[in-house]
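Please work through the following exercises with the sequence and the coordinates side by side, and try each task before reading its solution.

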Amino acid sequence: MMRSLFSGVSGLKTHQTRMDVIGHNIANVNTVAYKSSSMTFASLMSQTTQKASGANSSTGTGGVNPRQIGLGVKTSAINVNITGQGASQSTGNPFDIMITGQNFFVVNNGTENYFTRDGSFYVDGAGNLAMTSTGYNVMGWQVDEETGAIKKDTVSALRIMNTANMTYPPEATTLGYMSGIIDKLDTDVTSANGRVVNFKFYDSLGYSYTAKFVFKQSDSDAKNVYSLELDKIIDADGKEIDLTTAPGAAALFGSSQMQELADTVKLGKDYAWDAATGQLEDPDTNAVASLTDIRNNTPGTIKDKDGNDVSVEQQLDNLAKAYGYEGATDEFLNLVYEVDATTDPAVTCTVKNMIYGEKCSDGTTQAPTLDSFTANNGDGSFDTIGRMFTGVTVTYDASNGKFQQVDGSGSNTTVKLNLSGIGNGNFEDITIDMSGTSNVDNKGTSTIGATNGADDEFNSGSGRRNGAMIGVSIQQNGMIYASYDNGMTKLLGQIATAKFANASGLEKLADNLYSATLNSGLFDGIGVDITADGDYMSTGQLEMSNVDLSSEFTEMITTQRGFQANSRIITVSDTLLEELTNLKR
């Protein structure tokens, strides 16, 4: 009778333990990444009143089973459904991370590593990625400074907001490319000013500049040859920079050469040269340029309406205007006139040679003067065969319009802007690829443009200004990238994870933490890449508890009935004892 009492007591205790497990599960129904537990029962040892006996062939009697009376129930095991994936809860916080799979985050309290599925993280005051609840540092792998790749070594705290990561250093532009169409019918390309193409680039300090290139069409029969010149370079404030190169430095862009460009240059209507003074007079008979002033570089002969000296530069501009090249003085000065076509090579000179009274291309023949053409031709006109320019010649295939070559070399597809020899040493030489351009019909409109960087998916060599961090993102493999306002991204580290052969063997601690045990398998200190086994991380989400309330309430009902039944055992046994004591009255 006492055995039944103690069996009932053991039943009450065990069912109470099961109710404790159920209560704990329900209490944590909204705990982040909580893993529910379940309890199984096992009978206690049994008291044997008679052992089993075997059959006796000599007597012909059969065997007898053992007679045993059980002594109650005990807790067999409390299992954690650690592999059960909880549902996802969207938070929108980029530092909230959910693991899909069997892996665990590794966190550290400064002395010891722990493991958790709670991915509610934040960046603390020191810039470390840490648990929101405990402040424990999230552990991971650092970036190798030499290679820029993740170095999978012993895990350490991920300090993603340190001083070095807050900015991305500037870099000088080293590569560029041009692309688009040069249409031979484009009036910009055929004009004296040409088609302007802007190319933006950076120096090593991150300051931006714009190089202005100019395309002009040659007089080739197929209209497939173009000059490409560097006009000027301006800074971010629109100011021209000094393009003077250091002694011994390479030429800034291309070389000096002639472009075929036949034209007849005429003196403007009512403009006239005074043969006696060598002065050019405008339609109002005002002297606007003096060859003497220009050659001596000493203004004084020509006065404006206020009686002030007209500078040599302005006098040259007045000459260009008189001959129809207003606003294109350099273009006018570089026009080429053929003095003698019977020699090989022909003797030529430029308009500049004519103005300054210099020698022709053979070094001996005196260039004619501009005022001499008035007497020869009556209208002051003369025929030019081309123009001198400093730059490169770009040629396209006349049959299909595809890019062909630069400066007559079929293997040369690039032009080089030799900037390292100018300024304060902050520039790098820039190689510009021309192979992406073409010379086809586009209804008279050219679309050619220039872009810094190589024409590849990485836009390598593009250069950049100094960048400030504007955001942090975490990839599915746990890699943490920072993005900067100069368009760059930087790998800051990777969140490491731990995986155990028997995750159910982990020991539960407070604050959603687990510690490794001998039965779970020990952590090797390095961890694993979460994607190695197909698991992954999702940002902006948290894993919810995997407690199933319907199952828990069902278990609660059966536990309650079990508890009631065991209590009846105690009350009935007590009634029997009471009857026994009542035998003696």
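A disulfide is taken here as a pair of cysteine sulfur atoms within 2.5 Å. The model is predicted, and every value below is computed from it.

**Exercise 1.** Determine how many disulfides the rule gives, and examine C349 with regard to its closest cysteine sulfur.

Solution. Start from C349, whose closest cysteine sulfur belongs to C360 at 4.4 Å, which is too far for a bond. Taking C360 as the starting point, the closest cysteine sulfur is that of C349, again at 4.4 Å and too far. By this rule the count therefore comes to zero disulfides. As for their surroundings, C349 is buried with a relative accessible area of 2%, and C360 counts as buried at 6%.

**Exercise 2.** Check what span helix α1 should have, and compare it with the distance between its end C-alpha atoms.

Solution. Helix α1 covers residues 2-27, which is 26 residues, and at 1.5 Å a residue it should span 38 Å. The end C-alpha atoms of α1 are 37 Å apart, which agrees with that expectation. Next, list the buried residues of α1, among them L5, L12, V21 and I22, and also H15, R18 and N25. Finally, look for what covers these buried residues, which includes the strands β1 (37-43), β3 (67-70) and β4 (73-80), together with helix α8 (549-581).

**Exercise 3.** Establish whether Q315 is buried or exposed, and which residues it contacts.

Solution. Q315 lies in helix α4, residues 312-322, and is buried, with a relative accessible area of 0%. Leaving aside neighbours within four places in sequence, Q315 is in contact with V288, A289, S290, D293, I294, P299, I302 and V310.

Definitions and conventions:
Residues are numbered from 1 along each chain as its sequence is written. This is a predicted model: local features need pLDDT of at least 70, side-chain atom pairs count only at pLDDT 80 or more; totals for chains, interfaces and linings use all residues. Side-chain values use heavy atoms; hydrogens and water are left out. Helices (H or I, at least four residues) and strands (E, at least two) are DSSP runs, numbered from the N terminus. The expected span of a helix is 1.5 Å times one less than its number of residues. Buried means under 20% relative accessible area, exposed over 50%, partly exposed in between (1.4 Å probe, protein chains only). Contact means heavy atoms within 4.5 Å.
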